[in-house]
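Here's a quick briefing to read alongside the model. Have the sequence and the 3D view open, and hop between the topics as you like.

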Amino acid sequence: MPGRILSTAGALAIITLLAAFVLDRWEPVAALAGVFLITGMCFEWGPFALVYRLLLKPLGIVKPDLRTDHAQPHRFGQAVGAASAALAAAALYFNYTALGWILVWVLIALTGISFMGWCIGCFIYYQ
């Protein structure tokens, strides 16, 4: 599984969550939940993977970093992200704003930590 796709997806997820916070909107969080769900079901056709493969890689913005890895933990991690982002979006939609933004910031923190090589979803999967 390409490591750069995961890094690109993490960066785009953080950007999406930060934009949602700055704009004070729940819709980007809900959209991100959908992106995570699609990616968890079919990693190769995940929206962020497509951005990487069809835009960033051909333009030379991000270089390939091929790594051999199992897809199942990452798919599970995407499912955990989808559930978390959906819960955050629902909390924001139903005006439980403190809970919603706390969940958003937890997602931002955990995604940031994944850049250091530790994925909460993968950790839970292997437990």
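Let's start with charge pairing: the structure holds one salt bridge. Keep in mind that this is a predicted model. As for the fold, the protein chain has six helices and zero strands, and its radius of gyration of 14 Å is close to the 14 Å from the globule rule for 127 residues, so the chain is as compact as a globular protein of that length.

**Charges and the salt bridge**

- The partners in the salt bridge are E27 and R25, whose side chains meet at 2.5 Å, N to O.
- As background, side chains of opposite charge can pair when their charged atoms come close.
- E27 counts as partly exposed, with 30% relative accessibility.
- R25 is partly exposed too, at a relative accessible area of 41%.
- Across the protein chain there are 7 positive and 5 negative side chains, and the centres of the two sets sit 9 Å apart.

**Overall build**

- Going along the sequence, the pattern reads α-α-α-α-α-α.
- The C-alpha trace spans about 40 × 35 × 25 Å along its principal axes.
- Of the 127 residues, 35% count as buried.
- If you look at contacts with a separation of 6 or more, 68% of them are between residues 24 or more positions apart.
- The protein chain's accessible surface comes to about 7,400 Å², and carbon and sulfur atoms account for 70% of that.

**G46, T39 and Q78: a chain of contacts**

- G46 is a good place to jump in: you'll find it in the loop between α2 (27-41) and α3.
- G46 is buried, with a relative accessible area of 0%.
- Setting aside residues up to four places away in sequence, G46 touches I38 and T39.
- That leads to T39, which has its place in helix α2 and is buried at a relative accessible area of 7%.
- Leaving out neighbours within four places in sequence, T39 is in contact with G46, P47 and Q78.
- Next comes Q78, in helix α4, which is buried with a relative accessible area of 14%.
- Not counting residues up to four places away in sequence, Q78 touches F36, T39 and G40.
- So which residue links up with both G46 and Q78? T39 does, as its contacts include the two of them.

**Two non-glycine residues with positive phi**

- A bit of context: most residues other than glycine have a negative phi.
- D24 isn't a glycine, yet it has a positive phi of about 55°.
- D24 lies in the loop between α1 (3-23) and α2, and it is exposed, with a relative accessible area of 53%.
- N95 also has a positive phi, about 65°, although it is not a glycine.
- Where does N95 lie? Look in the loop between α4 and α5 (97-114).
- N95 counts as exposed, at 62% relative accessibility.

**V62: buried or exposed?**

- V62 lies in the loop between α3 (47-56) and α4 (71-93).
- Despite the loop address, V62 is buried, with a relative accessible area of 18%; the cut-off for buried is under 20%.
- V62 and Y52 are ten residues apart in sequence, and their C-alpha atoms are 7.7 Å apart in space.

**Two 17-residue separations**

- G46 turns up again here: G46 and V29 are 17 residues apart in sequence and 16 Å apart in space, C-alpha to C-alpha.
- I124 and L107 are 17 residues apart along the chain, and their C-alpha atoms are separated by 15 Å.
- I124 lies in helix α6, residues 120-126.
- I124 is partly exposed, with a relative accessible area of 39%.

How values were computed. Residues numbered from 1 in each chain as written. Predicted model: local features only at pLDDT ≥ 70, side-chain atom pairs only at ≥ 80, totals over all residues. Heavy atoms only, no water. Helix = DSSP H or I, 4+ residues; strand = E, 2+ residues; numbered from the N terminus. Rg over C-alpha atoms; globule rule 2.2 N^0.38 Å. Buried < 20%, exposed > 50% of the residue type's maximum accessible area, 1.4 Å probe, protein only. Contact = heavy atoms within 4.5 Å. Areas by Shrake-Rupley, 256 points an atom, 1.4 Å probe, with all protein chains shown as cover. Lys, Arg positive; Asp, Glu negative; His and termini not counted. Charge placed at Lys NZ, Arg CZ, Asp CG, Glu CD. Salt bridge = Lys/Arg side-chain N within 4 Å of Asp/Glu carboxyl O.
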